[in-house]
Amino acid sequence: MKFTTAKDGYSLQGHVFKNLTLSLDAGNPCRRQCVMESRCMSVNVGPIINDHVICELSDSDHSLHPKDLKVQAGFEFFSMEVSG
């Protein structure tokens, strides 16, 4: 699965079904968690604190709910790319 380019300073609100705090020792742990969850369509990645990052998995994306993509300092938003 591929993800869109990050939207710095944004997060999708109102669609989070799982909140995680993950270690950064494994590259992009938040996007990997999203791929493993069948209902995950996008992720909000929060600020790095002590080599850990906040990871919010969402069951929607900014295409379906554009008004729910809100400014949130310290976060990045990634949506799964839909192929073909």
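Q: How many aromatic pairs does the count come to?
A: This is a predicted model, in which local features need pLDDT of at least 70 and side-chain atom pairs count only at pLDDT 80 or more, while totals for chains, interfaces and linings use all residues. Residues are numbered from 1 along each chain as its sequence is written, and side-chain values use heavy atoms, with hydrogens and water left out. Rings of Phe, Tyr and Trp (its six-membered ring) pair if their centres lie within 6.5 Å; planes under 30 degrees apart count as stacked, over 60 as edge-to-face and the rest as tilted. By this rule the number of aromatic pairs is zero.

Q: Which residue lies over the face of phenylalanine 17?
A: A charge sits over a ring if NZ of Lys or CZ of Arg is within 6 Å of the ring centre and within 35 degrees of the ring normal. Phenylalanine 78 has arginine 31 over its face, at 4.4 Å from the ring centre. For phenylalanine 17, at 4.1 Å from the ring centre, the residue is arginine 39.

Q: Why is strand S4 largely enclosed by the rest of the structure?
A: Helices (H or I, at least four residues) and strands (E, at least two) are DSSP runs, numbered from the N terminus. Buried means under 20% relative accessible area, exposed over 50%, and partly exposed in between (1.4 Å probe, protein chains only). S4 covers residues 52–58, and it is largely enclosed because the number of its seven residues that are buried is five.

Q: How many bridges join S2 to S4?
A: Two strands pair if DSSP finds at least two bridges between them. S3 (residues 42–49) pairs with S4 in the antiparallel sense over six bridges, one partnership being asparagine 44 with glutamate 56. S2 (residues 16–23) also runs antiparallel to S4, with leucine 20 opposite cysteine 55. The bridges between S2 and S4 number seven.

Q: Which element gives the most to the largest nonpolar core?
A: A nonpolar core is a set of buried Ala, Val, Leu, Ile, Met, Phe, Trp, Tyr and Cys residues joined through side-chain atoms within 4.5 Å. The largest has 13 residues, and Cys55 and Leu57 are among those with the most contacts inside it. At least two residues each come from S2, helix H1 (29–36), S3 and S4. With three residues, the element that gives the most is S4.

Q: Which residue in S5 is the bridge partner of serine 11?
A: S1 (residues 7–12) and S5 (residues 69–79) run antiparallel and are joined by five bridges. The partner of serine 11 is lysine 70.
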